[in-house]
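Dear colleague,

I am passing on the structure below, together with some notes on how its parts pack against one another. Please read the notes with the model open beside them.

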Amino acid sequence: MNYISDVLFWISNGLLVPVVVLLILFFLRSLLLIGNFFGQYLQIRKVDRLFMTKVEALTPATVGELRASLPANTKSPLLNCLAGMLDTTRDRAHRQLLLSDYEIAADKDLGTSKTLSKMGPMLGLMGTLIPMGPALVGLSTGDIGSMAYNMQVAFATTVVGLFSAAIGFITQQVKQRWYTRDLNRLEFVSEVLDGCAGVQEVETRTGEEVR
């Protein structure tokens with residue numbers, strides 16, 4: 001039994017270095033995520049100011065006007081999807097494909113936030129529990145210096161893990177609201193385009209009957 005316990009102790013201690021390295025990487029990634037999140041926020045505000053009023057007031061008569069106002073080259077996934085939908089006015093299948101691709105892109109963008117929010121606490125807890133064993137050993141042998149060092153590592157890993165998880169959780173919640181709102185608008189545009197297609201079909205049939 002002692003041999004098994006020693007093996008588990010060695011394994012857990014061997015995991016400390018990978019856990020600490022991953023926590024440092026998660027911390028750096030969370031800082032990058034904050035910068036990307038702020039840039040995305042500014043882009044969304046710009047798009048809302050320039051185009052979303054037109055989208056919300058879209059009618060079959062203003063479809064061409066909206067398409068002409070969209071920029072040719074843009075980094076906004078929303079505007080790219082919107083332009084693609086407006087270019088396939090009478091093709092519902094392609095519009096559904098564009099909506100599905102947008103949902104996949106949104107889920108991919110949320111991947112980093114989800115990973116940080118879920119893995120941050122796990123790694124933080126591992127980084128807390130692993131040094132507790134050597135700390136208790138140091139306490140039992142009277143090695144206060146070793147105990148203090150291991151407790152310092154335990155607390156530091158907890159803080160870093162929770163910080164990364166907090167950044168991931170907050171950005172995930174906000175981005176989910178953004179993407180849900182954008183999907184609602186794109187579905188509204190798709191419904192308007194369905195109406196345009198219906199009107200065009202009626203006009204075509206009427207013209208053929210007149211002939």
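In this predicted model, the axes of H2 and H5 cross at roughly 150°, and since angles over 145 degrees count as roughly antiparallel, the two helices are therefore roughly antiparallel to each other. Their axes come within 9 Å, and H2 passes H5 in a left-handed crossing. Sorted by class, the residues in the contact of H2 with H5 are twelve nonpolar, eight polar and two charged.

The pairing of H1, residues 2-14, with H2 has its axes 4 Å apart at an angle of about 25°, which makes H1 roughly parallel to H2. On the H1 side the contact is made by Ser12, Asn13 and Gly14, and on the H2 side by Leu16, Val17 and Pro18; by class these are three nonpolar, three polar and no charged residues.

Turning to the interior, the largest nonpolar core has 25 residues, and those with the most contacts inside it are Leu70, Leu82, Met85, Leu86, Tyr102, Leu186 and Val189. Two or more residues of this core come from each of H2 (16-56), H3 (63-69), H4 (77-87), H5 (92-141) and H6 (144-210), with the largest share, seven residues, coming from H4. Val189, if its neighbours within four places in sequence are left aside, is in contact with Val55, Leu58, Leu82, Met85 and Leu86. There is also a second, separate core of eight residues, among them Val19, Leu23, Leu123 and Ile167.

With best wishes

Definitions and conventions
Residues are numbered from 1 along each chain as its sequence is written. This is a predicted model: local features need pLDDT of at least 70, side-chain atom pairs count only at pLDDT 80 or more; totals for chains, interfaces and linings use all residues. Side-chain values use heavy atoms; hydrogens and water are left out. A nonpolar core is a set of buried Ala, Val, Leu, Ile, Met, Phe, Trp, Tyr and Cys residues joined through side-chain atoms within 4.5 Å. Buried means under 20% relative accessible area, exposed over 50%, partly exposed in between (1.4 Å probe, protein chains only). Contact means heavy atoms within 4.5 Å. Axes are lines fitted to C-alpha atoms, for helices over the stretch in contact, and angles run from 0 to 180 degrees between N-to-C directions. Angles under 35 degrees count as roughly parallel, over 145 as roughly antiparallel, 65 to 115 as roughly perpendicular and the rest as oblique. A crossing is left-handed if the near helix is turned anticlockwise from the far one by less than a right angle, and right-handed if clockwise. Ala, Val, Leu, Ile, Met, Phe, Trp, Tyr, Cys and Pro count as nonpolar, Asp, Glu, Lys and Arg as charged, and the others, Gly among them, as polar.
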